[in-house]
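Colleague: I'd like to go through the protein–DNA contacts. Can you put the model up?
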Protein chains: 2
Amino acid sequence: MRILLIEDDTVLGAAVRDQIAADGRSVDWVTRLDAAEDALRGAGYDLILLDLMLPDGRGIGFLKALRSRGEVTPVIVLTALDQVTDRIEGLNAGADDYLVKPFDLAELSARIGSVARRYSGNPNPIVTHGALEIDLSARSIHRDGRPIQLTAREWALFEAFLSRPGQLLSKAQLEDKLYAFNAEVESNAIEVHVSRLRKKLGSAVIETERGMGYRLGRP
Amino acid sequence: MRILLIEDDTVLGAAVRDQIAADGRSVDWVTRLDAAEDALRGAGYDLILLDLMLPDGRGIGFLKALRSRGEVTPVIVLTALDQVTDRIEGLNAGADDYLVKPFDLAELSARIGSVARRYSGNPNPIVTHGALEIDLSARSIHRDGRPIQLTAREWALFEAFLSRPGQLLSKAQLEDKLYAFNAEVESNAIEVHVSRLRKKLGSAVIETERGMGYRLGRP
DNA sequence: GCCAAGCTGACAGGAACCTGACGGGCCGGG
DNA sequence: CCCGGCCCGTCAGGTTCCTGTCAGCTTGGC
C-alpha cells in the first residue's frame, strides 16, 4: 500500500509520515502541489492524504482537478478546525474522508486502515448489499444491471451506513459526518437525504429507529 | 474484545481457545461454516480466526462472501497450506493476516494483540446477559441470533438497569433517569415500560421488589 | 378476605418522521 | 452575460407509531 502525503507543515508531516511507516505502510511526502503532480504522474498510489492549506495553491482546486480527470484514488483531507466551509467544499469536490487538525495519530491509522480495507487488495472491490452492487472506488451503484446515480451528499450518507453495517447512527452523528462539527443544520436535512436515498436505492435499505436514528437494514 | 474461532480440529481448536482465554479475551468457537454464519448474525465480533480447511466448505469462499457484503471485521486466516498462491488468495479475499500451521501459540497471541491495537479505533462493546447479547453503541439486542427492537424509552430504561447490574432501583430513581427533573409523571408509566420490556426481553430479566423497586435479575 | 402494590390491554394525543414542493446557489453552455 | 439544469437546505402538510394515562385485573402480605 503506497500513500502520498501532501502537507507543508514539517512538524505535522514528519509525525504523520512516521506514524504511517510504523503501521508498515509505504509513504511519500511532498510539501507542494506541483511536487504532488509530479509524484502522481509516476502513478501507483493507493491513497492520498491532502492538506487543504498549501503555499502554492488551494488543495480544493487540486482535488477537483484530480477528480475531473477521472482519478479515483481515495483522498483523505486534512484540514484545520476553523475552515468549516472548506470541509463542505471538500466533500463536494470528491474527498473520501476528513480529519480535522489537530487529530489523533491513532485516528489517522484507523481511517487509513478503513480505506485500505475498502479499496486495496481486491482488484475489483464490489460490495453487494441485497440486490445492490456497490463499487466503492468508482462510486457507482447498480441494481439489476441498471446504474443508480447518487449525488455527493447522498453518497456520503450511504457510505456512512456502509462503513458500519447494522450500527445505529443518530442524526447528530450523521450531521457530523456530512457537515462540519458546528455547522448548524436547523432543519430536517438528514431526513430529506434519507428520503432521497430510499427513493433511489429502495425503501428497505435504510431503517428508521424512531427517536434514536437510522441504520442500514440487513439485506 | 470478542473473537470468533472457526476451526474443525478439536485438539487445535481447544488449544487456541484456551490460549485466547488465558489472554483475557472472550472466544466463541464453532467448527462449521454454517454455525459461523449463525454466530455472525448476532454480530459484534472484533476479530475472526478462520481455518481454511473445513468439512462443510472452503474458508476462502466464506471470507469472500463476508467481505462482499461489507463486513469489515478483521480476519486472521489459519492455514496448513503453506503455499504462496494460497496466501495471496487469502489476502486478496480480504484477510488481514495469516498464520501457517503449525504455529506457536505465543505467536498467535502477538498477532491478535497487533490486530486489536490496529482496530482499537472502532470499539464495539458487546455485553451479554444470559441469552441476550447487547451492543450498547449500536443499540441492538439479539437473542438466539434474532434481533429484538426496543423503542427509545425502553432503551433508556434497560440501560439504567444494565449500568447497575443487580442493584435495586426505585421508581423515583428510574423516573429521574427517564425524564427531565421537573417532568411530572403522575401515573404508572414506569410500571408500563417495565411491562413492555419484559414482554420483549423475557419476563425473568427484570425482577420486582415489592414496595422497593426493580432490579436486573441474575442471568 | 381485604387492601395495597403491581401488571397489562386499550386508547387518544402528539412528537417524530416522511415527502412533495420551492427557491437560492453554483456551474457549464451558448 | 444570460439561461437552464442540478444539487441541496428549508418548509409545510400528511402519516406513523411511541407513550402516558386509565381502568380493570392479578398478586402478595397479613
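Colleague: Which residues come nearest to DNA strand D?
Modeller: This is a predicted model. In it, 27 residues are around DNA strand D, and the nearest are Thr151(A), His193(A), Thr151(B), Arg153(B) and His193(B). Of the strand D atoms that come within 4 Å of the protein, 59% belong to sugar and phosphate.

Colleague: What does the side chain of His193(B) contact?
Modeller: An N or O atom of that side chain is 2.4 Å from a phosphate oxygen of DNA strand D. Arg153(A) also has a polar side-chain atom by a phosphate oxygen of strand D, at 3.1 Å.

Colleague: And Arg210(A), base or phosphate?
Modeller: Base: a polar side-chain atom of Arg210(A) lies 2.6 Å from a base oxygen of DNA strand D.

Colleague: Which elements supply at least two residues each to the surface near strand D?
Modeller: α6 (152–162) and α8 in chain A, and α6 (152–163) and α8 in chain B.

Colleague: Switching to DNA strand C. Which residues are closest there?
Modeller: Arg198(A), Thr208(A), Tyr214(A), Arg198(B) and Thr208(B), out of 25 that surround the strand. Sugar and phosphate make up 61% of the strand C atoms within 4 Å of the protein.

Colleague: What does Arg198(B) sit by?
Modeller: A phosphate oxygen of strand C, 2.6 Å from a polar side-chain atom of Arg198(B). For Lys171(B), a side-chain N or O atom is 2.8 Å from a phosphate oxygen of strand C. Asn188(A) has a side-chain N or O atom 2.7 Å from a base oxygen of that strand.

Colleague: How many residues of the surface near strand C are charged?
Modeller: 13, along with 8 polar and 4 nonpolar. Near strand D, the classes are 8 charged, 9 polar and 10 nonpolar.

Methods:
Residues are numbered from 1 along each chain as its sequence is written. Chains are lettered from A and ligands numbered from 1 in the order in which they are written. This is a predicted model: local features need pLDDT of at least 70, side-chain atom pairs count only at pLDDT 80 or more; totals for chains, interfaces and linings use all residues. Side-chain values use heavy atoms; hydrogens and water are left out. A residue is near a molecule or strand if one of its heavy atoms lies within 4 Å of it. A polar contact is a pair of N or O atoms within 3.5 Å; within protein, one must be able to donate a hydrogen and the other to accept it, and residues adjacent in sequence count only if both atoms are side-chain atoms. Ala, Val, Leu, Ile, Met, Phe, Trp, Tyr, Cys and Pro count as nonpolar, Asp, Glu, Lys and Arg as charged, and the others, Gly among them, as polar. Helices (H or I, at least four residues) and strands (E, at least two) are DSSP runs, numbered from the N terminus.
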